[in-house]
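Visitor: I am new to this structure. Please take me through one part of it in close detail.

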Amino acid sequence: MNKSISIINTAQSVISQQAEAIEGLIPQLSADFEKVVTWIHQNRGRVVLTGIGKSAIIGMKISATLNSTGTKSIFMHAADAIHGDLGIVEPNDLVICLSKSGTTPEIKTLVPLLKNRGSKLVGMTGNATSYLAQQSDAVLHVGVAKEADPNNLAPTTSTTAQLVLGDALAICLMELSGFKPEDFARSHPGGALGKALNVQLEHLLQEHKKPAVQPTTPVAKVISEISTKLVGATAVLEGKTVVGIITDGDLRRMMQNQHHFATLIAKDIMSTNPFLLSSKTLAKEALTLMQHKEINQILVESNGAYAGIVHIHDILNEGIY
């Protein structure tokens with residue numbers, strides 16, 4: 001039990017130190033941060049992230065975040081840069097170099113090479129008086145009081161600070177560029193998030209599951225149409241115009257209320273004025289409507305004509321919630 005208490009205490013201490021370090025970034029924000037955001041926003045080139053060790057890993061994440069939020073970016077490992085990869089840096093690129101100390105040998109070798117290429121250099125460092133800071137055109141200071149490990153050695157709090165400042169940079173650029181959800185969707189087509197922003201009702205329609213009957217169709221044929229098309233409902237059409245819908249629920253209510261229904265026809269049991277959505281409607285928007293109205297099917301139209309039925313399970317099965 002004592003060991004468990006010690007583990008929890010250690011974890012709480014680490015989290016508290018990390019939280020304090022993040023809060024400590026606020027007073028460190030300077031005019032240089034605003035300058036860097038403006039440079040990137042106005043720049044025609046890319047943002048190149050570089051670093052060594054754990055800072056390099058954080059640089060990779062910042063680069064990925066920038067790319068996914070509308071700012072072109074690449075990552076270049078500092079060690080690889082001085083062995084040939086420096087060639088990927090173009091004159092219009094802005095380079096952000098991450099280094100806690102700002103004095104590692106690879107960084108000291110790389111910095112003059114970058115400056116000779118005419119690239120703007122931004123140093124993200126915890127040491128405001130370091131070689132990197134002195135050689136940079138702007139400095140993003142990420143100083144922390146100490147690392148979270150008991151020996152004050154393992155990059156923990158310092159890398160968290162770098163990560164958070166990188167996120168702040170990306171969000172500021174998003175706001176400046178007016179980055180919208182549809183912009184996000186274009187670069188995130190996969191996974192549940194991408195589907196929620198991209199999948200339209202037309203993508204869920206299946207031609208062999210397009211149930212339809214006429215207002216005069218006998219109930220027996222209505223039941224057959226619903227059973228064979230497997231979406232739990234059928235549209236009722238007059239020509240190409242939707243005039244109603246019959247669902248499994250309508251059939252159950254009919255059977256409860258009518259002892260003799262062999263002579264009934266579709267218009268006797270259909271629900272009129274059904275919800276009808278465009279095939280271009282996002283599936284997530286249709287899902288919201290279906291949940292709000294407590295319905296399981298939605299009728300879909302395309303160019304003014306009935307296109308089919310989408311069941312709520314069709315949307316959920318796509319991973320859209």
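Guide: Let us start with the second largest pocket in this predicted model. Its lining is made of Ile40, His41, Asn43, Arg44, Gly45, Gly70, Thr71, Lys72, Leu173 and Ser177. The space inside comes to about 180 Å³. By class, the lining has 2 nonpolar, 6 polar and 2 charged residues. Two helices, H2 and H7, each supply at least two of the lining residues.

Now look at how those two helices meet. H2 covers residues 31-42, and H7 covers residues 157-177. The axes of H2 and H7 come within 10 Å and cross at roughly 50 degrees. Angles from 35 up to 65 degrees count as oblique, so H2 and H7 are oblique to each other. Their crossing is right-handed.

Which residues make the contact between H2 and H7? On the H2 side they are Phe33, Val36, Val37, Ile40 and His41. On the H7 side they are Leu165, Ala168, Leu169, Cys172, Leu173, Leu176 and Ser177. These residues divide into 10 nonpolar, 2 polar and no charged. Some names return here. Ile40, His41, Leu173 and Ser177 take part in this contact, and Ile40, His41, Leu173 and Ser177 also line the pocket.

H7 has another partner, helix H3, which spans residues 54-68. H3 and H7 pack at an angle of about 20 degrees, and their axes lie 9 Å apart. An angle under 35 degrees counts as roughly parallel, so that word fits H3 and H7. H3 passes H7 in a right-handed crossing.

From H3, the contact takes Lys54, Ser55, Ile58, Lys61, Ile62, Thr65 and Leu66. From H7 come Thr159, Gln162, Leu163, Gly166, Asp167, Ala170 and Leu173. By class, this contact of H3 with H7 has 6 nonpolar, 5 polar and 3 charged residues. Leu173 of H7 deserves a second look. Leu173 meets H3, takes part in the contact with H2 and lines the second largest pocket.

For comparison, turn to the largest pocket. Its space is about 330 Å³. It is lined by 17 residues, and Ile245, Thr247, Ile295, Asn296 and Gln297 lie nearest its centre. Strands E8, E9 and E11 and helix H11 each give two or more residues to this lining. H11 gives the largest share, 4 residues. By class, the lining has 5 nonpolar, 8 polar and 4 charged residues.

How values were computed: Residues are numbered from 1 along each chain as its sequence is written. This is a predicted model: local features need pLDDT of at least 70, side-chain atom pairs count only at pLDDT 80 or more; totals for chains, interfaces and linings use all residues. Side-chain values use heavy atoms; hydrogens and water are left out. Axes are lines fitted to C-alpha atoms, for helices over the stretch in contact, and angles run from 0 to 180 degrees between N-to-C directions. Angles under 35 degrees count as roughly parallel, over 145 as roughly antiparallel, 65 to 115 as roughly perpendicular and the rest as oblique. A crossing is left-handed if the near helix is turned anticlockwise from the far one by less than a right angle, and right-handed if clockwise. Contact means heavy atoms within 4.5 Å. Ala, Val, Leu, Ile, Met, Phe, Trp, Tyr, Cys and Pro count as nonpolar, Asp, Glu, Lys and Arg as charged, and the others, Gly among them, as polar. On a 1 Å grid over the protein atoms alone, a cavity is a set of points where a 1.4 Å probe fits but cannot get out, and a pocket is an open set with protein on both sides within 12 Å along at least five of seven lines; lining residues have an atom within 4 Å of a point. Grid points are joined across faces, edges and corners, and a volume is the space filled by probe spheres set on the points.
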